[in-house]
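Q: Hi! Could you walk me through this structure?

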Amino acid sequence: MQQAIEASESGLRELLSGLPDGTFEHTSYLDRPRSGGGDGGQDVELVKISCRMVKTGDRLLFDY
């Protein structure tokens, strides 16, 4: 199992090394029942989910 993990990591790092470095951002929205609503799902809230990914060399950093 350890060899499989190491091979996967090595392959991904090699793939990442071939891609340009940069910062990428995305925002999504998720609607979910408002806590304590109890009215059959009619009371919903919109949740904003933002993510920034920074790619440097063979590494990725995700910031939510």
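A: Happy to. One term up front: buried means under 20% relative accessible area, exposed over 50%, and partly exposed in between (1.4 Å probe, protein chains only). This is a predicted model, where local features need pLDDT of at least 70, side-chain atom pairs count only at pLDDT 80 or more, and totals for chains, interfaces and linings use all residues. Residues are numbered from 1 along each chain as its sequence is written, and side-chain values use heavy atoms, with hydrogens and water left out.

Q: Cool. Is Tyr64 buried or exposed?
A: Tyr64 is exposed, at 71% relative accessible area.

Q: And how is the sheet arranged, what's the strand order?
A: The open sheet has three strands in the order S1-S2-S3, with antiparallel pairing. (Strands are DSSP E runs of at least two residues, helices H or I runs of at least four, numbered from the N terminus; two strands pair if DSSP finds at least two bridges between them.) S1 (22–33) and S3 are at the edges with a single partner strand each, so one side of each has no neighbour in the sheet.

Q: How many bridges join S1 to S2?
A: Twelve, with S2 covering residues 44–56.

Q: Switching topic: how many salt bridges are there?
A: Six in the whole structure, counting a side-chain nitrogen of Lys or Arg within 4 Å of a carboxyl oxygen of Asp or Glu.

Q: What does Asp21 pair with?
A: Lys55, with the closest N and O atoms 2.9 Å apart. Asp21 sits in the loop between helix H1 (2–17) and S1, and Lys55 in strand S2, so the pair ties together parts 34 residues apart in sequence.

Q: Is Lys55 buried or exposed?
A: Lys55 counts as buried, at 3% relative accessibility, while Asp21 is partly exposed at 49%.
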